[in-house]
Amino acid sequence: MIEIEEISNPTPWKEQTFKNILSSRTLSFVIISGQNVIGFCIASKVADECHLQNISVTASFRKQGIGKYILDTLIKRCALYELQNIILEVRESNEGAQEFYRKNNFNPIGKRKDYYKLGEQRESAVLMSLILP
């Protein structure tokens, strides 16, 4: 997971952050091919909604439907908890991720100003939501 995160994120999470989060997140999971983690989802249940914090696929497995599979799996897990919606933040500059979520019926619902740290700079996040059936 750490390797995927370091390649995918300009400000990657540290190993200890993953350990702390995974020990308390009810909706998180990894995707394995052979002996290797090729993707992961970090999400938590907050009241009646899911907060999707991190989703990533290793570079060599991208554009093969793994991201969609991860998202579909998360939606099924949300149904088990009878959650009402999924919310997430995505970097304003990450147009690829925003397009992925829009194609999967997420809608932008707002912005979080200066949400992400990029070295000495800050970047705003687009807040997106998917209402679950």
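How exposed is Arg 102, and what is its relative accessible area? Arg 102 is partly exposed, with a relative accessible area of 38%, where partly exposed lies between buried, under 20% relative accessible area, and exposed, over 50% (1.4 Å probe, protein chains only). The model shown is predicted, so local features need pLDDT of at least 70 and side-chain atom pairs count only at pLDDT 80 or more, while totals for chains, interfaces and linings use all residues. Residues are numbered from 1 along each chain as its sequence is written, and side-chain values use heavy atoms, with hydrogens and water left out.

**View 1. The protein as a whole, with four helices and six strands.** Helices (H or I, at least four residues) and strands (E, at least two) are DSSP runs, numbered from the N terminus. Read along the sequence, these elements follow the pattern α-α-β-β-β-α-β-α-β-β. Of the 133 residues in the protein, 40% are buried. The protein exposes about 8,000 Å², and carbon and sulfur atoms supply 49% of this area, which comes from the Shrake-Rupley method with a 1.4 Å probe; for residues, only the protein chains shown count as cover. Among contacts (heavy atoms within 4.5 Å) between residues at least 6 apart in sequence, 54% join residues at least 24 apart.

**View 2. Helix α3 and its buried side.** Helix α3 has 15 residues, 66-80, and at 1.5 Å a residue it should span 21 Å, which agrees with its end C-alpha atoms being 21 Å apart; the expected span is 1.5 Å times one less than the number of residues. The buried residues of α3 are Ile 66, Gly 67, Ile 70, Leu 71, Thr 73, Leu 74 and Cys 78. They cover an arc of only 160° around the axis, which puts them on the same side of α3; this arc is that of the directions from the helix axis to the C-beta atoms. These buried residues pack against the strands β1 (29-33), β2 (36-46), β3 (49-57) and β4 (85-91), and also against helix α4 (95-103). On the face turned away from the buried side, α3 carries the exposed residues Lys 76, Ala 79 and Leu 80.

**View 3. Two loop residues with positive phi, Lys 63 and Glu 82.** Lys 63, found in the loop between β3 and α3, has a phi near 65°, a positive value in a residue other than glycine. Lys 63 is exposed, with a relative accessible area of 87%. Glu 82 lies in the loop between α3 and β4, and although Glu 82 is not a glycine, its phi is positive at about 55°. Glu 82 counts as exposed, at 64% relative accessibility.

**View 4. Salt bridges within helices α3 and α4.** Side chains of opposite charge can pair when their charged atoms come close. The structure holds six salt bridges, each defined as a side-chain nitrogen of Lys or Arg within 4 Å of a carboxyl oxygen of Asp or Glu. In one of them, Lys 68 pairs with Asp 72, the closest N and O atoms being 3.0 Å apart. Lys 68 and Asp 72 are four residues apart in helix α3, and they are therefore separated by about one helical turn. Lys 68 is partly exposed at 39% relative accessible area, and Asp 72 is partly exposed at 28%. Another salt bridge joins Glu 99 and Arg 102, with the closest N and O atoms 3.1 Å apart. Because Glu 99 and Arg 102 are three residues apart in helix α4, about one helical turn separates them. Glu 99 is partly exposed, with a relative accessible area of 34%.

**View 5. A salt bridge between strands β4 and β5.** The side chains of Arg 112 and Glu 89 meet in a salt bridge (2.9 Å, N to O). This pair links distant parts of the chain, with Arg 112 in strand β5 (residues 107-118) and Glu 89 in strand β4, 23 residues apart. Arg 112 is partly exposed, with a relative accessible area of 31%, whereas Glu 89 is buried at 11%.

**View 6. A nonpolar patch on the surface.** Val 30, Ile 32 and Val 37 form this patch, and together they have about 220 Å² of accessible area. Patches are made of residues with over 30% relative accessible area and no salt bridge, like charges being joined within 9 Å and nonpolar side chains (Val, Leu, Ile, Met, Phe, Trp, Tyr) within 5 Å. Ile 32 is found in strand β1 and is exposed, with a relative accessible area of 53%.
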